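Open the model in your viewer and keep the sequence panel beside it. We will go from one selection to the next.

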Amino acid sequence: MPLNISDTLTESSTPHRRSAAREALARAVVDELTSWNPVQFFGLFKHMHKDAISLVHLNVLVELRTNGPMPMGKLAEAIGVSVASTTGIVDRMEKRGFVVRRHDDTDRRIVLVEAAPASNDVFEAIDFHRREGLRTLLGGLSQEQLRGLLEGHRALRAARAAFGAKYIIPGTGSKAPSTPPIARLDAPLDAPTDRDIS
């Protein structure tokens with residue numbers, strides 16, 4: 001059912017009516033921004049990166065890029081599988097040149113897993129496919145639609161930056177423990193959809 005909201009609200013509009021109209025608009029925007037379901041998202045990823053990298057391997061690389069080198073136990077906890085399974089995953093990734101193992105500088109008994117330089121190629125390939133997908137999608141929009149989309153996404157990016165700044169501990173650059181999941185919107189993995197613009 002199409003959203004029926006007046007483009008302009010008169011001075012005589014009550015605060016309640018203005019608030020209700022704004023909430024309806026916000027809900028419609030959220031619906032559009034979340035229109036890609038997980039099945040579509042992962043299906044598209046697998047199609048674009050077939051035989052290049054698995055989602056499990058990508059998950060490992062995202063954790064290592066986000067948190068830096070990690071002991072096997074912590075990496076296993078982060079990706080939600082057993083240490084034995086993680087060891088097998090890391091073995092396969094190491095053979096492909098995505099990760100390396102090294103001893104911790106302060107405690108040689110600890111073996112750390114870290115992303116290898118070749119892992120950068122993975123994220124560059126993902127970014128390339130995302131941008132190409134977006135260019136294809138945007139090719140069907142008019143210049144007026146593109147301007148409106150650009151304005152909206154720039155406003156959303158500014159709001160996201162302001163929101164994220166609230167969860168940075170001043171002087172440390174570290175996120176506060178209370179950081180909610182929404183603050184992870186800048187995670188490296190994005191699917192090429194019509195809800196993103198570079």
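Select Glu63 first. Is this residue buried or exposed? Glu63 counts as buried, because its relative accessibility is 13% and the cut-off for buried is under 20%. Keep in mind that you are looking at a predicted model.

Now show what surrounds Glu63. Leave out residues up to four places away in sequence, and Glu63 touches Gly68, Met70, Leu75, Ala78 and Ile79. Colour those five and look at them together with Glu63.

Next, widen the selection. Which helix holds Glu63? Glu63 sits in helix H3, and H3 covers residues 55–67.

Keep H3 on screen and add helix H6, residues 119–138. How are the two helices placed? Two packed helices are described by the angle between their axes and the distance between the axes. For H3 and H6, the angle is about 105° and the axes lie 11 Å apart. H3 and H6 are therefore roughly perpendicular to each other, since angles of 65 to 115 degrees count that way.

Now pick out the residues that make this contact. On H3, select Leu58, Leu61, Val62 and Arg65. On H6, select Ser119, Asn120, Val122, Phe123 and Ile126. Colour them by class: six are nonpolar, two are polar and one is charged.

Move on to the strands. Select S3, residues 111–115, and then S1, residues 70–71. How many bridges join S1 to S3? There are two, and the strands run antiparallel. Zoom in on Pro71 to find one pairing: its bridge partner in S3 is Leu112. Look back at Met70 too, one of the residues that Glu63 touches.

Now add S2, residues 99–103. Five bridges join S2 to S3, and these strands also run antiparallel. Select His103 and look across: Val111 of S3 stands opposite. While you are here, follow the side chains along a strand. In a regular strand they alternate between the two faces of the sheet.

Finally, zoom out and show everything. The protein chain has seven helices and three strands. Trace them from the N terminus, and the order is α-α-α-β-α-α-β-β-α-α.

Turn on the surface. Its accessible area is about 13700 Å², and 56% of that belongs to carbon and sulfur atoms. What share of the 198 residues counts as buried? The figure is 24%, and Glu63, where you started, is one of the buried residues.

Methods:
Residues numbered from 1 in each chain as written. Predicted model: local features only at pLDDT ≥ 70, side-chain atom pairs only at ≥ 80, totals over all residues. Heavy atoms only, no water. Axes fitted to C-alpha atoms, helices over the stretch in contact; angles between N-to-C directions. Helix = DSSP H or I, 4+ residues; strand = E, 2+ residues; numbered from the N terminus. Parallel < 35°, antiparallel > 145°, perpendicular 65-115°, else oblique. Contact = heavy atoms within 4.5 Å. Nonpolar A, V, L, I, M, F, W, Y, C, P; charged D, E, K, R; others polar. Pairing = 2+ DSSP bridges. Buried < 20%, exposed > 50% of the residue type's maximum accessible area, 1.4 Å probe, protein only. Areas by Shrake-Rupley, 256 points an atom, 1.4 Å probe, with all protein chains shown as cover.
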